[in-house]
Amino acid sequence: MFHTVWISSPGRWALRESDCHCDGRQASWKCRFVRTIIQHPRLRHDPKGPGKARMLKKIQICLCFFFVSGILYEISLLSGCFFSYVPMSKHFLTPEQVLNLGRSIIFLETTERLEPLPLVSCSVESAARIYQDRPIILFMKGLTNDTVLDLNSSYTAFSLLSSMKNVFIFPLQMETIFQETPLLQWYNQVVPEQEKNWVHVSSDASRLALIWKYGGIYMDTDVISIRPIPEESFLAAQKSQFSSNGIFGFPAHHKFIWDCMENFVLKYNGNIWGNQGPFLMTRMLKAICNLTDFKGTEDHTCQNISFLNPQRFYPIPYPAWSRYYKVWDKSPNFNHSYALHLWNFMNHNRKTVVAGSNTLAEKLYKAYCPTTYEDLIQNAKLRNFTHSEDA
């Protein structure tokens with residue numbers, strides 16, 4: 001907040017006009033109110049002597065400072081205003097400070113990888129573009145508090161994402177995340193080296209703990225956002241009567257997420273892929289809702305939880321995942337979708353987006369993560385061409 005206020009001369013405060021142009025009547029009123037209160041405060045002439053005048057002047061400046069600081073702090077908590085301020089150094093913000101802003105979009109990388117893959121970069125960038133007034137957070141297990149990575153990093157994707165004003169990249173510290181949740185006891189007892197699906201299981205647990213503690217939306221790193229999700233409490237149907245856990249959203253301390261964490265521990269079986277993920281979400285939803293098949297593009301609602309139609313995120317089902325990497329005679333418009341899940345887990349042959357291939361995935365990159373496409377796809381092609389010419 002201190003980046004928005006400065007002293008221009010003794011006895012005068014100024015507030016940058018541009019910082020106050022925020023969406024919403026409440027924020028605009030506060031900005032006008034602050035300008036009215038703090039602009040050109042003057043001290044009247046005191047005939048009793050300069051000593052008392054100086055004392056009153058100091059008191060007035062102190063009171064004005066605390067008043068303005070309080071107002072600006074409250075304004076800064078309005079997510080619509082937060083990212084319109086003069087950019088502050090994100091290196092000084094902790095995960096808790098960012099998460100406490102609320103309404104975060106959360107991504108997880110539970111491998112030791114430090115360089116995000118192009119699809120990861122595209123997922124994060126697309127979310128940052130669609131949700132410009134919300135924090136976009138990528139937690140990476142490979143990072144530590146001692147890791148030094150910045151805008152000049154040799155990791156191209158890391159530098160690209162770090163340069164986006166509402167994207168934050170933090171170390172994933174599971175023991176801290178699981179504090180004060182049912183998952184802590186499980187985490188203290190489990191032996192990761194003996195777990196068959198540890199990368200997936202640890203991700204399943206971390207997303208539950210983060211959403212329960214702070215609220216917001218969790219997305220897999222192979223989800224490309226194409227328009228805002230209007231729901232606050234929702235699960236995404238992968239197919240009729242079956243929920244995914246690749247994308248979901250809830251407010252903080254929602255009972256459904258707490259119940260999911262308890263069931264995660266009670267029925268833990270790390271040898272069965274998905275037992276702690278989509279199967280967990282499905283069995284917990286079935287416990288409180290009478291699930292029926294979807295008709296058309298309708299959504300279902302049960303106990304204030306929206307169960308969103310498969311068309312919202314999975315218009316191309318997982319058996320047909322490779323269609324994203326094929327050329328279409330006529331590309332679908334995805335008018336009923338909020339985001340698209342590209343099924344990276346199914347991509348065992350590691351199909352990638354190639355510049356000039358004209359595949360559906362390439363068109364999605366161009367439309368929703370153009371910076372990633374240009375920096376990681378087009379430039380990579382140019383670099384490979386230059387290298388081959390030199391050889």
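Glu109 is buried, with a relative accessible area of 8%. Its side chain meets that of Arg113 in a salt bridge, with 3.2 Å from N to O. Arg113, at a relative accessible area of 32%, is partly exposed. The model described here is a predicted one, and every value below is computed from it.

**Overall make-up**

The protein has 13 helices and 12 strands. Of its 391 residues, 49% count as buried. The accessible surface comes to about 20,400 Å², and carbon and sulfur atoms account for 53% of that area. Among contacts between residues at least 6 apart in sequence, 72% join residues at least 24 apart.

**The sheet**

Eight strands make an open sheet with mixed pairing, in the order 5-4-3-6-9-8-11-10. Strand 5 (167–171) and strand 10 (300–302) stand at the edges; each has a single partner strand, so one side of each lacks a neighbour in the sheet. On average, neighbouring strands are turned by 25 degrees against each other, direction ignored.

At one edge, strand 10 is joined to strand 11 (residues 305–308) by 3 bridges, and the two run antiparallel. Thr301 has Ser306 in strand 11 as its bridge partner.

Two helices that pack on this sheet can be described together. Helix 9 (residues 198–214) touches strand 3 (105–109), strand 4 (136–140), strand 6 (216–219) and strand 9 (242–250), and its direction makes about 35 degrees with that of strand 9. Helix 11 (residues 278–288) touches strand 8 (234–239), strand 9, strand 10 and strand 11, and its direction makes about 85 degrees with that of strand 9. Strand 9 is thus touched by helix 9 and also by helix 11.

**Strand 9 and its partners**

How many of the residues of strand 9 are buried? The count is 9 of the 9, so this strand is largely enclosed by the rest of the structure. In the sheet order, strand 9 stands between strand 6 and strand 8. Strand 6 is joined to strand 9 by 4 bridges, and the pair runs antiparallel. Within that pair, Gly216 has Phe250 in strand 9 as its bridge partner. Strand 8 is also joined to strand 9 by 4 bridges, again antiparallel. Here Leu235 stands opposite Phe248 of strand 9. Strand 8 and strand 9 form a hairpin with 2 residues between them, and Gln241 in the turn has a positive phi of about 65 degrees.

**Salt bridges**

The protein model has 9 salt bridges by the distance rule used. The table lists some of them, with the distance between N and O atoms.

| Basic residue | Acidic residue | N to O distance |
|---|---|---|
| Arg113 | Glu109 | 3.2 Å |
| Arg129 | Glu125 | 2.8 Å |
| Lys255 | Asp259 | 2.7 Å |

Arg129 and Glu125 are 4 residues apart in helix 5 (residues 118–130), which means that about one helical turn separates them. Arg129 is partly exposed, with a relative accessible area of 40%, whereas Glu125 is buried, at 0%.

Lys255 and Asp259 are likewise 4 residues apart, in helix 10 (residues 255–266), and about one helical turn lies between them. Lys255 counts as exposed, at 59% relative accessibility.

Salt bridges also link Asp204, Arg207 and Asp220 in a network. Asp204 and Arg207 carry numbers that fall within helix 9 (residues 198–214).

**A nonpolar surface patch**

Which residues form a nonpolar patch on the surface? They are Met55, Ile59 and Leu63, and together they have about 310 Å² of accessible area. Ile59 lies in helix 2 (residues 50–76). This residue counts as partly exposed because its relative accessibility is 41%, which falls between the 20% and 50% limits.

**Around Val353**

Val353 lies in the loop between strand 12 (339–341) and helix 12 (360–368). Is Val353 buried or exposed? At 9% relative accessibility, Val353 counts as buried. Leaving aside residues up to four places away in sequence, Val353 touches Tyr325, Ala361, Glu362, Tyr365, Tyr373 and Ile377. Among these contacts, Ala361, Glu362 and Tyr365 have numbers within helix 12 (360–368). Val353 and Tyr324 are 29 residues apart in sequence, and their C-alpha atoms are 9.5 Å apart in space.

Terms used: Residues numbered from 1 in each chain as written. Predicted model: local features only at pLDDT ≥ 70, side-chain atom pairs only at ≥ 80, totals over all residues. Heavy atoms only, no water. Pairing = 2+ DSSP bridges. Axes fitted to C-alpha atoms, helices over the stretch in contact; angles between N-to-C directions. Contact = heavy atoms within 4.5 Å. Patch = residues over 30% accessible without salt bridge, like charges linked within 9 Å, V, L, I, M, F, W, Y side chains within 5 Å. Areas by Shrake-Rupley, 256 points an atom, 1.4 Å probe, with all protein chains shown as cover. Salt bridge = Lys/Arg side-chain N within 4 Å of Asp/Glu carboxyl O. Buried < 20%, exposed > 50% of the residue type's maximum accessible area, 1.4 Å probe, protein only.
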